[in-house]
Structures are given as structure tokens and as C-alpha cells.
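Q: Can you walk me through this model? I'd like to go from the overall layout down to single residues.

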Amino acid sequence: MTTRRGRRQCIGLLAALLAGCGTLGPTLTQPLGHDPSDAAATIYLVRSTWHIDIGFATEELEAPLRTLTDRFPGARYLLFGFGDRRYLESRRRDTTNLLAALWPGAGLILMTALAASPAAAYGPAEVIAIPVSAAQARAAQAWVWSSLVKRQDVVQSDGTGPYEGSLYLRASEDYSAVHTCNTWAAQALQAAGLPVRSAGVIFAGQLWRQARPLAPLASPQ
């Protein structure tokens with residue numbers, strides 16, 4: 001029989017997964033290889049407890065993802081994080097909504113615009129800057145773009161996000177217990193040809209451990 005303590009721990013874990021994926025798929029491309037000496041751009045991973053965003057410097061964005069900079073003129077970086085639409089847009093973040101989000105349902109992507117660098121905004125220990133080639137950066141950006149719902153090439157928004165400089169964008173993928181924000185971020189790195197796995201990646205730590213060796217100057221854990 002499940003104890004009260006066991007239920008609280010389970011609910012706490014669900015809350016961490018879903019709340020983490022709220023605060024802050026498409027077919028994968030062929031592997032492009034990863035050679036830091038050929039770096040011409042950077043892919044950023046930004047961790048916020050249980051959640052990981054993927055980001056790019058706006059000056060390194062290419063069309064069509066670059067069109068999103070029009071929403072936040074002056075932004076130097078754009079971050080993208082995946083979450084459950086029902087949970088993120090619900091005003092009642094109770095156990096019922098937490099459990100419902102574990103079943104496949106519409107996803108939502110939170111875009112965050114930064115005027116400062118990710119390291120300055122979140123702290124160096126919470127950021128991994130991965131040097132990549134121009135082709136790898138282009139592939140990752142194309143993958144993020146393909147994750148967004150569009151009508152006549154116009155990205156569909158669900159309105160302002162939870163804090164200044166953020167915007168909810170409708171996702172083409174479903175969120176579930178086995179396809180979380182961290183799974184999605186891992187798939188984005190795979191699209192860039194980086195040597196990471198996405199299968200079985202649910203928690204932030206599972207992706208973080210794979211990504212840290214890809215950044216020679218990554219901050220120590």
C-alpha cells in the first residue's frame with residue numbers, strides 16, 4: 001500500500017519535472033560530426049534545476065529562425081525550452097494537472113530573450129557553451145524551427161510568457177513522461193550531429209553529463 005510519504009515524494013518528483021520544464025519530434029538530420037577546432041558558432045545549454053533550454057546568439061541566427069528576433073529587438077540571445085501546454089497554461093497547478101501532463105498532450109515552447117549572456121543571466125555553472133561549425137548551428141536552428149507550429153510560415157504564439165522578455169510558442173511535438181523538456185533539448189543536439197543520445201533522457205542531469213565533455217571550457221560541476 002502506498003504511504004502518504006510515498007505519495008508526497010511521487011508528487012514532488014512530478015512537480016519538479018513539470019515545473020522545471022515550465023520555468024525557464026521532428027526528423028533528425030544526418031550526423032554532421034563534431035570538431036571543436038572547426039567552430040564558427042556556439043550552441044548554449046542553460047540549466048534551471050530540472051530543466052534545460054537550448055540557445056543561440058542572435059548574431060549567429062539564420063533564417064527562418066532569425067525572424068523571431070523581431071519579437072524582441074535588442075536581444076543578444078534567444079533561449080528555447082519545451083514543456084506541457086496544459087500544465088504551463090493552467091492556473092491550477094495541482095496534482096491533477098501534474099498527472100495529466102504525464103500523458104501525451106500538446107507541447108509548448110517558451111522563448112526567452114536575453115540582453116546579457118546566458119552565463120551572466122543564470123551563472124557560469126548553469127551554462128554549457130558548445131562550439132560547433134556553421135553547418136551544425138544551422139542544423140540545430142532548423143530543428144528548433146521545425147518544432148514550432150506555423151501557419152503560412154508564421155509561428156503561432158500563445159501569448160506572453162511568465163516573465164518579461166518571454167513568449168509562449170506552440171510546439172509541433174507532444175509532451176509526455178517519456179518526452180520531456182530534456183528529451184527535446186537532447187534531440188536538438190542530435191540534430192546538430194553532436195554525440196549525445198536522447199532515448200531515455202528524462203532528467204536534466206542525464207543530458208548535462210553528456211554535454212559537458214563537448215565544451216572544453218565548461219564550468220566544473
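The chat below goes through the fold, the sheet, the core and a few backbone details.

Q: What should I know before reading values off it?
A: This is a predicted model, in which local features need pLDDT of at least 70 and side-chain atom pairs count only at pLDDT 80 or more, while totals for chains, interfaces and linings use all residues. Residues are numbered from 1 along each chain as its sequence is written, and side-chain values use heavy atoms, with hydrogens and water left out.

Q: How many helices and strands are in the protein chain?
A: The chain has seven helices and nine strands. These are DSSP runs numbered from the N terminus, with helices being H or I over at least four residues and strands E over at least two.

Q: And how much of the chain is buried?
A: Buried residues account for 50% of the 221 residues. Buried means under 20% relative accessible area, exposed means over 50%, and partly exposed is in between, with a 1.4 Å probe and protein chains only. The accessible surface is about 10500 Å², and 54% of it belongs to carbon and sulfur atoms; the areas come from the Shrake-Rupley method with a 1.4 Å probe, and for residues only the protein chains shown count as cover.

Q: Ok, the sheet. What's the strand order?
A: Seven strands form an open sheet, ordered S5-S1-S2-S3-S4-S9-S8, with antiparallel pairing. Strands S5 (127-132) and S8 (157-160) are the edges, each pairing on one side only. From one strand to the next, the twist averages 25 degrees. Two strands count as paired if DSSP finds at least two bridges between them.

Q: How many bridges between S4 and S9?
A: Strand S4 (residues 105-114) and strand S9 (residues 166-175) pair over seven bridges. Leu110 has Tyr168 in S9 as its bridge partner.

Q: What packs on the sheet?
A: H6 does, touching strand S1 (41-48), S2, S3, S4, S5 and S9, and its direction makes about 35 degrees with that of S2. Helix H7 (residues 204-211) also packs on the sheet; H7 touches S1, S2 and S5 and makes about 145 degrees with the direction of S1. Axes are lines fitted to C-alpha atoms, for helices over the stretch in contact, and angles run from 0 to 180 degrees between N-to-C directions.

Q: Why call H6 largely enclosed?
A: Because eleven of its eleven residues are buried. Among them are Trp184, Gln187 and Leu189. After H6 comes Gly193, which has a positive phi near 80 degrees.

Q: And S2, covered or not?
A: S2 is mostly covered, with seven of its seven residues buried. His51, Asp53, Gly55 and Ala57 point one way, and Ile52, Ile54 and Phe56 the other. S2 pairs with S1 over five bridges, and four bridges join S2 to S3. Arg47 stands opposite Ile52, and Ile54 has Phe80 in S3 as its bridge partner.

Q: What does Ile54 touch?
A: Leaving aside neighbours within four places in sequence, the contacts of Ile54 include Leu45, Phe80, Val144, Trp184 and Leu189. Contact means heavy atoms within 4.5 Å.

Q: Which residues have the most contacts inside the largest nonpolar core?
A: Leu45, Ile54, Leu68 and Phe80, in a core of 48 residues. H6 (residues 181-191) gives the largest share, seven residues. A second, separate core of seven residues includes Tyr44, Val46, Leu79 and Val127. A nonpolar core here is a set of buried Ala, Val, Leu, Ile, Met, Phe, Trp, Tyr and Cys residues joined through side-chain atoms within 4.5 Å.

Q: Switching to backbone. Where is the cis peptide bond?
A: Between Ala63 and Pro64, with omega about 5 degrees. Pro64 lies in the loop between strand S2 (51-57) and strand S3 (77-84).

Q: Which residues other than glycine have a positive phi?
A: Gln152, near 55 degrees, and Asp153, near 65 degrees, are among them. Gln152 is in the loop between S6 and strand S7 (154-155), and Asp153 is in the loop between S6 and S7 as well. Gln152 is exposed at 80% relative accessibility, and Asp153 at 64%. Thr49, in the hairpin of S1 and S2, takes a positive phi near 60 degrees.
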